[in-house]
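Visitor: I'm new to reading protein structures, and I'd like a close look at one part of this one. Could you take me through the salt bridges and then show me what lies around them?

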Amino acid sequence: MKNEPQERSVRTLRVGEQVRHILSEILQRGDVHDETLAKHMVSVTEVRMSPDLRHATVFVKPLLGKDEEAVLKALRTNTAYLQREVAHRVKMKYAAKLKFLADDSFEEASHIDALLRAPKVAQDLGDEPDGDD
């Protein structure tokens with residue numbers, strides 16, 4: 001009983017990764033008949049499943065970040081089709097409801113990198129002893 005929450009966590013991660021692969025494959029093959037999605041390469045960067053596996057938050061990023069809002073709108077418009085495809089390919093009791101969000105982790109990482117490279121911060125970081133002495 002003690003390991004149950006951990007097993008559930010591993011299961012949600014495994015199912016999330018499975019859903020991510022399926023959505024990536026569908027989008028890469030162009031199975032969704034949508035003009036906007038046909039024009040853009042879309043990366044499914046992460047899928048977070050709820051503990052009961054009934055909800056999936058799908059983080060996506062269009063190639064080079066172009067037309068992000070249009071791509072999100074197209075994905076949301078085609079959610080019913082994508083949910084059916086995922087439910088068909090993932091053998092689960094319930095079809096997970098998909099929610100599409102933009103993946104902002106790349107922008108956050110770039111922002112942090114820029115902050116660390118700022119002259120004032122770089123100066124402070126450069127003054128620390130190496131510890132190799």
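Guide: Here is a walk through the salt bridges, followed by the core and a few spots around it. Keep in mind that this is a predicted model.

Let's get our bearings. The protein chain has 6 helices and 3 strands, and if you start at the N terminus, the elements come in the order α-α-β-β-α-α-β-α-α. There are 133 residues in the chain, and buried ones make up 32% of them. Now take the contacts between residues at least 6 apart in sequence: 65% of those join residues at least 24 apart. Keep that in mind, as your salt bridges include a pair that links distant parts of the chain.

So, on to the charges. Side chains of opposite charge can pair when their charged atoms come close. Searching the whole structure turns up 9 salt bridges. One of them joins the side chains of E25 and R89, with 3.4 Å from N to O. What does this pair link? It ties together distant parts of the chain: E25 belongs to helix α1 (residues 4-29) and R89 to helix α4 (residues 79-89), and the two are 64 residues apart. Are these two buried, exposed or something in between? E25 has 36% relative accessibility, so it counts as partly exposed. R89 is partly exposed too, because its relative accessibility is 25%.

Another salt bridge brings the side chains of R29 and D31 together, at 2.5 Å from N to O. Here D31 has a relative accessible area of 18%, so it is buried; the cut-off for buried is under 20%. Now put the pieces together: E25, R29, D31, E85 and R89 are linked in a network of salt bridges. When you look at E25 with R89 and at R29 with D31, you are looking at parts of that network.

For another example, find E46 and R48, whose side chains meet in a salt bridge of 2.9 Å from N to O. E46 is partly exposed, because its relative accessibility is 31%, and R48 is partly exposed as well, at 47%.

While you have helix α4 in view, pick out A87, which sits in that helix. With 32% relative accessibility, A87 counts as partly exposed. Its C-alpha atom is 9.5 Å from that of K97, a residue 10 places away along the chain.

Next, the nonpolar side of things. The largest nonpolar core contains 27 residues, and V19, L75 and L98 have the most contacts inside it. Which elements supply at least two residues each? They are α1, β1, β2 (55-62), α3 (68-77), α4 and β3 (97-102). Helix α1 gives the most, with 6 residues. You have met α1 and α4 already, as the helices that hold E25 and R89. To see a piece of the core up close, zoom in on L75: leaving out residues up to four places away in sequence, L75 touches L27, L37, V42, V60, L82 and F100.

Let's stay with helix α1 a little longer, since T12 lies there too. T12 is buried, because its relative accessible area is 14%. A polar atom of the T12 side chain lies 2.8 Å from the backbone oxygen of S9. Setting aside residues up to four places away in sequence, T12 also touches M49, S50, P51 and L53. Follow that last contact to L53, which you will find in the loop between β1 and β2. L53 has a phi near 65°, a positive value in a residue other than glycine. And L53 is buried, because its relative accessible area is 6%.

Finally, come out to the surface. The chain has about 9600 Å² of accessible surface, and 52% of it belongs to carbon and sulfur atoms. Some nonpolar residues show up out here: M41, L63 and L64 make a nonpolar surface patch of about 360 Å². Where is M41? It is in the loop between α2 (35-39) and β1 (42-49). M41 counts as exposed because its relative accessible area is 52%, and the cut-off for exposed is over 50%.

To retrace the route, start at the network of E25, R29, D31, E85 and R89, move on to the 27-residue core, and finish at the patch made by M41, L63 and L64.

How values were computed:
Residues are numbered from 1 along each chain as its sequence is written. This is a predicted model: local features need pLDDT of at least 70, side-chain atom pairs count only at pLDDT 80 or more; totals for chains, interfaces and linings use all residues. Side-chain values use heavy atoms; hydrogens and water are left out. Patches are made of residues with over 30% relative accessible area and no salt bridge: like charges are joined within 9 Å, nonpolar side chains (Val, Leu, Ile, Met, Phe, Trp, Tyr) within 5 Å. Accessible areas come from the Shrake-Rupley method with a 1.4 Å probe; for residues, only the protein chains shown count as cover. A salt bridge is a side-chain nitrogen of Lys or Arg within 4 Å of a carboxyl oxygen of Asp or Glu. Helices (H or I, at least four residues) and strands (E, at least two) are DSSP runs, numbered from the N terminus. Buried means under 20% relative accessible area, exposed over 50%, partly exposed in between (1.4 Å probe, protein chains only). Contact means heavy atoms within 4.5 Å. A nonpolar core is a set of buried Ala, Val, Leu, Ile, Met, Phe, Trp, Tyr and Cys residues joined through side-chain atoms within 4.5 Å. A polar contact is a pair of N or O atoms within 3.5 Å; within protein, one must be able to donate a hydrogen and the other to accept it, and residues adjacent in sequence count only if both atoms are side-chain atoms.
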